[in-house]
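Visitor: I should like to go through this model one feature at a time. Please display it before we begin.

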Amino acid sequence: MASIMRRKPAPRRGKKAPRATKGQVRRVSPLKPGLRNARNWATAHMRAASYSKKRAVHMFGAITLFVFFILFSGLWLGGFLPDVRSGASQFTQNRLTSMGFVVKNVDVIGEGRIAEDEVRYALGVRSGDYLFETDLRAAQQRVQELPWVKDAMVRRLWPNRYVVHIIERSPVALWQTNNQLRVVDGEGQVIEAALPENFPSLPRIVGVGAAQKSQTLYDTLQGYPQLASRVGVIIRVGNRRWDVQLKDGGARILLPEGREAKALKQLIKAHDSHGLLDLDIAVIDLRLSDRMIIRPRQDAGAPKFVKRGGRAT
């Protein structure tokens with residue numbers, strides 16, 4: 001007689017399941033709760049990705065970022081990042097060198113008193129060097145430190161050329177200080193490589209700080225060529241105002257403090273009307289705002305007073 005197999009009733013809620021007896025198999029969950037949730041999350045996203053292209057792209061990006069993060073963390077923790085960076089840089093350099101990115105020409109534009117070889121030496125680039133190896137900012141700084149260079153610009157032109165544009169300093173005066181003569185440019189900067197004996201025709205600036213403060217006066221004088229060509233010495237008086245001594249024993253012009261341009265304009269007006277600068281005059285005093293005092297050479301004790309724009313009295 002066949003026996004009828006009955007299913008055992010499930011244990012009631014709240015009661016522990018009976019332990020498996022010998023010979024029985026106990027069913028155990030293969031995942032802990034945290035891993036089970038991760039599996040469910042991954043399964044849900046895989047299912048969603050299979051139905052949506054956008055979700056598939058997002059999921060692929062997330063996986064890529066996660067893998068990259070793991071690799072980067074491993075290299076950083078292991079101290080291998082410098083080696084990887086150096087290897088990548090060397091590989092890139094080798095590839096670009098094989099493609100022809102090496103220095104073949106260095107063009108120097110604007111050189112005059114400074115030798116082209118000096119510029120190339122300061123640049124630090126030689127034929128055959130890797131084109132992208134030189135630091136442009138540092139190279140430009142080295143070129144700008146050359147004696148005659150006022151400003152410089154260094155450019156890299158692909159695939160095999162460097163171009164250096166030079167703006168040289170222009171000597172405009174000889175600065176006399178501490179019984180020494182030094183050549184200065186229009187900004188009052190000393191040109192160390194310039195020898196004063198090579199520029200005998202330049203006007204002389206005398207006085208402490210005169211070279212650095214003479215730019216405004218020098219620019220004003222250039223606006224009056226008939227006066228600028230006669231200037232022999234520009235003298236700084238008391239570190240506050242200027243005297244201008246004309247060449248060949250000409251007159252000494254006393255300028256007012258802070259009103260140099262206006263005074264020179266009146267002087268040139270008087271010269272155009274009466275040829276004042278051509279007369280045998282020792283001193284032309286322009287320090288007063290309402291009149292011009294002229295002291296002739298023949299009679300130093302009898303100065304003449306000339307109202308601005310008027311006649312001598």
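Visitor: Which strand and which helix each supply at least two residues of the lining of the largest cavity?

Guide: On a 1 Å grid over the protein atoms alone, a cavity is a set of points where a 1.4 Å probe fits but cannot get out, and its lining residues have an atom within 4 Å of a point. Helices (H or I, at least four residues) and strands (E, at least two) are DSSP runs, numbered from the N terminus. On these terms, at least two lining residues each come from strand S5 (180–185) and H7.

Visitor: What pLDDT do local features need here?

Guide: Residues are numbered from 1 along each chain as its sequence is written, and side-chain values use heavy atoms, with hydrogens and water left out. This is a predicted model, in which side-chain atom pairs count only at pLDDT 80 or more, totals for chains, interfaces and linings use all residues, and local features need pLDDT of at least 70.

Visitor: How much space lies in the largest cavity?

Guide: One cavity of 30 Å³ or more is present in the structure. Grid points are joined across faces, edges and corners, and the volume is the space filled by probe spheres set on the points. By that reckoning, the space in the largest cavity is about 40 Å³.

Visitor: How many residues of each class are in the lining of the largest cavity?

Guide: The lining includes Val172, Ile205 and Tyr218, along with Asp185, Gly186 and Gln215. Ala, Val, Leu, Ile, Met, Phe, Trp, Tyr, Cys and Pro count as nonpolar, Asp, Glu, Lys and Arg as charged, and the others, Gly among them, as polar. Sorted in this way, the lining has five nonpolar, four polar and one charged residues.

Visitor: Pro171 lies in strand S4; which residue has its C-alpha atom separated from that of Pro171 by 4.4 Å?

Guide: Pro171 counts as buried because its relative accessibility is 15%, where buried means under 20% relative accessible area, exposed over 50% and partly exposed in between (1.4 Å probe, protein chains only). Contact means heavy atoms within 4.5 Å, and Pro171 touches, among others, Trp148, Val184, Asp185 and Phe199, not counting residues up to four places away in sequence. The C-alpha atom 4.4 Å from that of Pro171 belongs to a residue 14 positions apart along the chain, Asp185.

Visitor: Which residues have the most contacts inside the largest nonpolar core?

Guide: A nonpolar core is a set of buried Ala, Val, Leu, Ile, Met, Phe, Trp, Tyr and Cys residues joined through side-chain atoms within 4.5 Å. The largest one here has 31 residues, and those with the most contacts inside it are Leu227, Ile253, Leu255, Leu267 and Ile284.

Visitor: Which element gives the most to this core?

Guide: Elements giving two or more residues include strand S4 (171–177), helix H7 (215–222), strand S7 (231–237), helix H9 (260–274) and strand S10 (281–285). With five residues, the element that gives the most is H9.

Visitor: How many residues are in the second, separate core?

Guide: Val103, Ala122, Ala139 and Trp148 are included in that second core. The second core is separate, and its size is 26 residues.

Visitor: Is Thr134 buried or exposed?

Guide: Thr134 lies in the loop between helix H4 (116–123) and helix H5 (136–144). Not counting residues up to four places away in sequence, Thr134 touches Leu123, Val125, Ala139, Arg156 and Tyr162. Because its relative accessible area is 16%, Thr134 is classed as buried.

Visitor: Is Asp272 buried or exposed?

Guide: Asp272 lies in helix H9. Between Asp272 and Gln226, 46 residues apart in sequence, the C-alpha to C-alpha distance is 9.7 Å. With a relative accessible area of 54%, Asp272 is exposed.

Visitor: Where is the place of Pro159?

Guide: The peptide bond from Trp158 to Pro159 is cis, with omega near 0°. Pro159 is found in the loop between strand S2 (149–157) and strand S3 (161–168).

Visitor: What is the phi of Asn179?

Guide: Asn178 is placed in the loop between S4 and S5, has a positive phi of about 55° although it is not a glycine, and counts as exposed at 70% relative accessibility. Asn179 has its place in the loop between S4 and S5 and counts as exposed at 78%. Although Asn179 is not a glycine, its phi is positive, at about 60°.

Visitor: What share of the residues of the protein chain count as buried?

Guide: The protein chain has nine helices and twelve strands. Of its 313 residues, the share that count as buried is 30%.

Note on methods
On a 1 Å grid over the protein atoms alone, a cavity is a set of points where a 1.4 Å probe fits but cannot get out, and a pocket is an open set with protein on both sides within 12 Å along at least five of seven lines; lining residues have an atom within 4 Å of a point.
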